[in-house]
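Grab a pencil and work through these exercises with the viewer open. Each one sets a task and then walks through a solution.

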Amino acid sequence: MEAERRARAALSRLFEPQDAAGLALVQVAGAEDALRIAIGELAAGPEIEEEISRVLADSESGGWNGLATVRMRWVPRIPDLAPDRDLATMQRLGGRMLIPSDELWPRQLADLGLQEPICLWWRGVEQPLPPASSAIALVGSRDSTSYGSSVTGDLAYSLAQRGFTIISGGAYGIDAHAHRAALAGSGGGVPTIAVMAGGVDRFYPSGNEDLLRAVANQGAVLAEVPPGSAPTRYRFLQRNRLIAALASVTVVVEARWRSGALNTAHHAETLGRAVGAVPGSVHSANSAGCHRLLREGGAVCVTDAGEVAELASPSGESLPAPKTGRAEVQDGLTLEDLILLDALPLRATSTVEKLATVAGLSADSVRAGLGRLGLLGLAESYRGGWKRSGKGG
């Protein structure tokens, strides 16, 4: 176990997050032999390369040019490998490094498949991390408005009081308000988790150091990159998949038209997780990304903690009491939406263009209708296509 821990510590410095070829090598050869192959101490036969090719093909990670080629990007980092130093740094900080075989490893990360991280560098209280069903990700703009800050605070505080752990990225703006309110509303357990793009030895951004120290003291600060790693733009985008995978629901509170928060929402949707978006003023650029998610049908409109909790509880324990009287699927739908609902397939998915042809509607009308049917739970988006949900009959 310790040899594997040491190997994974070294590999996390050798590989960038989501290095598909490296992760496939670990899956095929195991962490210890993967490290020896990667640094040139062990030759990999053609069987290993064939198996890596199969793993990459199965995970739809694209092609590759063989180990000799990918090793060229790893070689410059070999002199910097110091797993014992990195593990000692974590011990000095009162932290630890988790690997998938550890009891405390968050099992929901397995949903990432090949993109499951090699390890997690963890700074915080040693306690079980919550399952996805008990965790909500709250993400959004760094330059949040007073409206976004207020909504985030209300959501995080109320959800924490309900026993949910709040996951976010430790940044300024929405992230910081989410962590702060979760700490204030928590009654115990793990109130909040901050997932870092750089090493957990340095709290980043520096302006949030006191807040992130409080998160570590009561919850957890996590990263997949080792101590001393810089928070590059690429690593910010890669850590977003961890935020999405740790939670059952990702809620975008405020986001501009192009925003890292939308990247997190995309990861959540790809994983089959629920996505919520908080509506804002049509005049606010900070809400344009939320409205985009709603219009494109990738998110459900949420306005309070109760609605978020509903998304996190598919078994129904957080749902409101059923209304009296029998409600039919078509109740309240416009004629266009009824036609569109009829055109939606039950099992396979269909594109907007195909639905427009079948229903005899314009593509814009189909997109708008899919957004409305999605909000009503009558249609669902899956890998770029649309189909009728179970509620849709």
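Before starting, one term: a crossing counts as left-handed if the near helix is turned anticlockwise from the far one by less than a right angle, and as right-handed if clockwise. Keep in mind, too, that this is a predicted model.

**Exercise 1. Describe how helix 2 and helix 4 pack.**

Step 1: Two packed helices are described by the angle between their axes and the distance between the axes.
Step 2: Find the pair: helix 2 covers residues 20-29 and helix 4 covers residues 46-58. Their angle is about 115°, and the axes lie 9 Å apart.
Step 3: Now for the hand. Helix 2 crosses helix 4 in the right-handed sense.
Step 4: List who touches whom. Helix 2 brings Ala20, Ala21, Ala24, Leu25, Gln27 and Val28, while helix 4 brings Ile48, Glu51, Ile52, Val55 and Leu56.
Step 5: Sort that contact by class, and you get nine nonpolar residues, one polar and one charged.

**Exercise 2. Work out whether the radius of gyration of the protein agrees with that of a compact globule.**

Step 1: Start with the chain length, 393 residues, for which a compact globule would have a radius of gyration near 21 Å.
Step 2: The protein has 22 Å, so the value agrees with the globule figure.
Step 3: For the outline, the C-alpha atoms fill a box of roughly 70 × 50 × 35 Å along the principal axes.
Step 4: Look inside: 51% of the 393 residues are buried. Of the contacts with a separation of 6 or more, 73% are between residues 24 or more positions apart.
Step 5: Finish on the outside, where the accessible surface is about 17900 Å² and carbon and sulfur atoms account for 51% of this surface.
Step 6: As for the parts list, there are 16 helices and eleven strands.

**Exercise 3. Gln18 and Arg383 each have a positive phi; place Gln18 and Arg383 and say how exposed each one is.**

Step 1: Gln18 isn't a glycine, yet its phi is about 65°. You'll find Gln18 in the loop between helix 1 (2-14) and helix 2.
Step 2: Its relative accessible area is 21%, so Gln18 is partly exposed.
Step 3: Arg383 isn't a glycine either, and its phi is about 50°. Arg383 sits in the loop between strand 10 (379-382) and strand 11 (385-388).
Step 4: Arg383 has a relative accessible area of 68%, so it is exposed.

**Exercise 4. Is Asp102 buried or exposed, and which residues does Asp102 touch?**

Step 1: Locate Asp102 in the loop between strand 1 (96-98) and strand 2 (120-124).
Step 2: Buried means under 20% relative accessible area. Asp102 has 10%, so it is buried.
Step 3: Skip residues up to four places away in sequence, and Asp102 touches Met1, Arg5, Met97 and Arg107.

**Exercise 5. Place Val139 in its strand and list some of its contacts.**

Step 1: Val139 belongs to strand 3, residues 135-140.
Step 2: With a relative accessible area of 5%, Val139 is buried.
Step 3: Setting aside neighbours within four places in sequence, Val139 has contacts including Ser168, Ile174, Ile243, Val251, Val253 and Ala261.

**Exercise 6. Find where the cis peptide bond from Tyr204 to Pro205 falls.**

Step 1: Check omega for this bond, which is near 0°.
Step 2: Pro205 lies in the loop between strand 5 (192-195) and helix 9 (209-218).

Conventions
Residues are numbered from 1 along each chain as its sequence is written. This is a predicted model: local features need pLDDT of at least 70, side-chain atom pairs count only at pLDDT 80 or more; totals for chains, interfaces and linings use all residues. Side-chain values use heavy atoms; hydrogens and water are left out. Axes are lines fitted to C-alpha atoms, for helices over the stretch in contact, and angles run from 0 to 180 degrees between N-to-C directions. Helices (H or I, at least four residues) and strands (E, at least two) are DSSP runs, numbered from the N terminus. Contact means heavy atoms within 4.5 Å. Ala, Val, Leu, Ile, Met, Phe, Trp, Tyr, Cys and Pro count as nonpolar, Asp, Glu, Lys and Arg as charged, and the others, Gly among them, as polar. The radius of gyration is taken over C-alpha atoms; the globule rule is 2.2 Å times the number of residues to the power 0.38. Buried means under 20% relative accessible area, exposed over 50%, partly exposed in between (1.4 Å probe, protein chains only). Accessible areas come from the Shrake-Rupley method with a 1.4 Å probe; for residues, only the protein chains shown count as cover.
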